[in-house]
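I opened the file today to look up a few positions and one helix. My notes follow in the order I made them.

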Amino acid sequence: MPMLIILGGLAGAMLSPANELAILPVSVQMLAGMLTAAPMSVFMGKYGRKLGFLLGASTAAVGGALGVYSLFYENFYTLCLAHAAMGSALICFGYFRFAAAEVVSEAWRPKAISFTLGSGLVAALLGPEVFVYSKDFFSPIPFAGAYGAITAISLIGSFPILALGLRETGIHNQVDKSKEVAPVGEVLRRPAVFTAILCAAISFGVMVLLMAPTPLAMVGCGFTDVQAGDVIRWHVIAMFAPSFFTGSLISRFGSGKIISCGLLMLCVSAAIAIAGIELSNFYVSLILLGLGWNFGFIGATNMLNENLNPDERSVVQGANDTLIALVSTLASFGSGILISSFSWMAVAVTAIPLVLIAFAGLIFLRQRVRSVA
């Protein structure tokens, strides 16, 4: 993911026929995730997590190969297709958090989700380094080597997936066949489920809104692609490093309070981005953006899991990730339009009302719980 954050904007800007389309590969990546989230969840519900994860790894490998092809032949639309494949793979890998929650006791679920997302710290540390050392591997074709590295990483990543001790019938083994399953619409109307999905979608959407155009904004402000890569590295570290204790915080204080802290950090991140375009502003804003996403997204994921029965999970989790991908897609398209037509500051200003909507959802849930009590 950190490599795609850097590559999507820079490779897109290099090949796009118009400035407004520079972030189109990232937007297509998000759109593909939206379209495949629900089918992938249903596929895993029917055939098991392991087969689904292997499908994701294969799709990522194909996407990386298409990225290499696109740069060699300077084909912008094939680049978009490459990012579509990798977007589908990323949405698939997102289900690791649910798989982890399903194989532990209820008391361990927040920590399992948190630790699983914490593995992204490895990506945060290695991703930008792999980008720097691989981007010129096919010199003089810039960035092609980085896409080739994505293919290699995806193939290597298949081996630990093969070693997973998950049953092929993973999710539906937990379902009581004799029990009538509630309609999806009815489940989604539960206040806690609705609020969890809303907060997860907005946390992810705001993160994408500010993150996707960051490399372009930084290069436009006179910074180098290596500096942009380092800012992204620290952003992704901030996204995943807190995961090793976020679960414990949720267990102690509850999902709602942790989500609120995350949303507050997203607001402060946007405010710092509005305040200036110095290198320090980019670093601090993107680090807070990562921390806010971590608290908001993990808290919302745990809130959702707490309020679903085993027989509801595959469909509702798919609906959840579809909405997250939809909001992320709109945020990505919007960020491209805002930064090309207006400025980086316009992108940051747009983030604040979105966070306020999520806050409103939490307040509504709290009042609903009090009225029931």
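I began with L55, which I found in helix α3, residues 49-72. The model is predicted, and I read every value below as computed from it.

Is L55 buried, partly exposed or exposed? Its relative accessibility is 37%. I put L55 down as partly exposed because that value lies between the 20% and 50% cut-offs.

I then listed the contacts of L55, setting aside neighbours within four places in sequence, and got M40 and F43. I also checked L55 against S88: the two are 33 residues apart in sequence, and their C-alpha atoms are 9.8 Å apart in space.

Next I turned to helix α10, residues 191-211. I compared its length with the expected span: at 1.5 Å a residue, its 21 residues should span 30 Å, and the end C-alpha atoms are 30 Å apart, which agrees. I also looked at burial along α10 and noted that 19 of the 21 residues are buried, so the helix is largely enclosed by the rest of the structure.

My last entry is S332, in helix α16, residues 313-341. I noted a relative accessible area of 0% for S332, so I entered this residue as buried, the cut-off being under 20%.

Which side chain does S332 join in a polar contact? I found S27, at 3.0 Å, side chain to side chain. S27 is also on the contact list of S332, again without neighbours within four places in sequence. With S27 on that list I wrote down I23, V26, M30 and V208.

Terms used. Residues numbered from 1 in each chain as written. Predicted model: local features only at pLDDT ≥ 70, side-chain atom pairs only at ≥ 80, totals over all residues. Heavy atoms only, no water. Helix = DSSP H or I, 4+ residues; strand = E, 2+ residues; numbered from the N terminus. Buried < 20%, exposed > 50% of the residue type's maximum accessible area, 1.4 Å probe, protein only. Contact = heavy atoms within 4.5 Å. Expected span 1.5 Å × (residues − 1). Polar contact = N/O pair within 3.5 Å; in protein donor to acceptor, adjacent residues only side chain to side chain.
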